[in-house]
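Here are my notes on the model you sent over, as numbered points. Have the structure open while you read.

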Amino acid sequence: MSTDRILKDIQPALAERELTPKRPSPGLTLTAALLGFALICLDASVVNVALPAIGSSLGAGMSGLQWVVDAYTLPFAALMLSTGAFADRTGASRAFALGTTVFTLASAACGLAPNLPSLIGARVVQGAAAAVVLPASLSLVRQAYPEPKRRARAVAAWAAGGSVAVALGPVAGGLLTTAWDWRGIFFVNLPVGALIVALLVRAPRSERRPAPLDLPGQATAVVALMGLTFTVIEGGTAGWAALAVAVLAAVVFFRVEARSPHPVVPLGLFRNRTVAVAVAAGAAVSVAFYSVVFVFSLFFQQVQGLSALHAGLAFVPMTGLIAVTNVAAGKLAGRYGPRLPMLVGQALAVVGLLVLLYVDAGTSSVLTAALLVPLALGCALTVPPLTAAMMDAVPAERAGLAAGVLNAARQVAGGLGIAVFGTLVAHGFAQGMRVSLAISAGALALTCAATSRLR
């Protein structure tokens, strides 16, 4: 057969191949979504070890350091109630690109902040953008993997990325603060954000879907949470005024939610005992974990005199086992149901908190690092089963809403815990730390008892 004849035969196939658009790579989409989720999880934990350096650089006291953390956590938590619907209305890919871009720019503003108010304002923007990134990133994963089995593996990888980021946060914070400056913990977000946006070029455009927004409910929730946090952190006359605003906003919130056809928090959801227990247990775990990381980040540096790097390394035994334990907890829940691993996890966390009551300034940092491990294992063992329990307790069409409520409750609890415990240690570190640990243990003991009554 001649060469001309061969070319003539394959020419139509070549032409068809050139005209056929390249199919977007689901792997690239997953990578972008995983990096986005990991980035926002990292910023929730990376800042803790850098707090003493921030305080020294910007002249911030304990209340200022609490705001550096909560200015990110509370908008992240409160706005998450509506950002899932926002992502549906605008399309997951557009929402994810917008959230990542704003988050990256806000990170640059954090790194360049000349004073504490500027840093806190940029952290608020970071938190709001993170609230958009989280649900949009998960929607992108679902969109990229329509086949259920592959989608399940992709979602597991996405979740593992967040766990790894939380685990690396204290170490990364200590390393960057020591080798560079506290501003480095924010500047490191810039190349990652740019990479995510570049990967999104290959992601398919998401369809826009009608999704109702409860703007009055969302607004009153934000005002109530911010007012309550201001009351705890600042106190004084302004604190009492903020408390009055918070109470009024909370009353309006519940009235709006009771009457709204599409509330951000359907109050009827909590009539289900499993849902109520799962949300309460998730909140108690977040109070214990995030508040202990906050308090002990300060303890290692301000009380025991460790450097930021050594303080970060002290959290490695605690955080390094989280991802592995999360996977094991999921398997246990699949085999025995969620109730048993929830009970074991919460009981282990209570024991870990009570053991930490004996830590003082003379306790070696190595021993303290080891004593933090039971708490971390207990929390990591509890969260996947309680999430599964909540998802099983609601109809499939309300799964996204339920997940948003659970995650928002966990973030709010963690933020308020930091506000309360930061105030306690500000009035005497040793005593405040022990009271904080006792409060966390008591909350987890109550949710453990409530879990035991589930079927």
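1. Start with α4 and α10, which cross in a right-handed sense. This is a predicted model, so read everything here in that light. The two helices, α4 and helix α10 (residues 215-234), pack at about 160° with 10 Å between their axes. That angle is over 145, so α4 runs roughly antiparallel to α10.

2. Who makes that contact? On the α4 side you'll find S63, Q66, W67, D70, L74, P75, A78, L79, L81 and S82. From α10 come Q218, A221, V222, L225, M226, T229, F230, I233 and E234. By type, the α4 contact with α10 splits into twelve nonpolar residues, five polar and two charged.

3. Now turn α4 towards its other partner, α6. Helix α4 (residues 62-90) packs against helix α6 (residues 116-144) at about 30°, and their axes lie 6 Å apart. With an angle under 35 degrees, α4 and α6 are therefore roughly parallel. The crossing of α4 past α6 is right-handed. In this contact the residues comprise 22 nonpolar, five polar and one charged.

4. On the overall fold: I'd put the helix count up front in any write-up, since the protein has 20 helices and zero strands. Of its 455 residues, 50% count as buried. Among contacts with a separation of 6 or more, 83% are between residues 24 or more positions apart.

5. The core deserves a figure panel. Its largest nonpolar core takes in 102 residues, and I40, L119 and F296 have the most contacts inside it. If you want one residue to centre the view on, try F296: beyond its neighbours within four places in sequence, F296 touches F315, L356, V359, T368, L372, M433 and L437. There is also a second, separate core of 13 residues, with V279, A281, M390 and V405 among them. As background, nonpolar side chains in soluble globular proteins tend to be buried together.

6. Last, a polar residue to look at: is N189 buried or exposed? N189 sits in helix α9 (residues 189-200). Its relative accessibility is 1%, which is under 20%, so N189 counts as buried. Setting aside neighbours within four places in sequence, the contacts of N189 are L39, D43, F103, T104, S107 and Q126.

Key: Residues are numbered from 1 along each chain as its sequence is written. This is a predicted model: local features need pLDDT of at least 70, side-chain atom pairs count only at pLDDT 80 or more; totals for chains, interfaces and linings use all residues. Side-chain values use heavy atoms; hydrogens and water are left out. A nonpolar core is a set of buried Ala, Val, Leu, Ile, Met, Phe, Trp, Tyr and Cys residues joined through side-chain atoms within 4.5 Å. Buried means under 20% relative accessible area, exposed over 50%, partly exposed in between (1.4 Å probe, protein chains only). Contact means heavy atoms within 4.5 Å. Axes are lines fitted to C-alpha atoms, for helices over the stretch in contact, and angles run from 0 to 180 degrees between N-to-C directions. Helices (H or I, at least four residues) and strands (E, at least two) are DSSP runs, numbered from the N terminus. Angles under 35 degrees count as roughly parallel, over 145 as roughly antiparallel, 65 to 115 as roughly perpendicular and the rest as oblique. A crossing is left-handed if the near helix is turned anticlockwise from the far one by less than a right angle, and right-handed if clockwise. Ala, Val, Leu, Ile, Met, Phe, Trp, Tyr, Cys and Pro count as nonpolar, Asp, Glu, Lys and Arg as charged, and the others, Gly among them, as polar.
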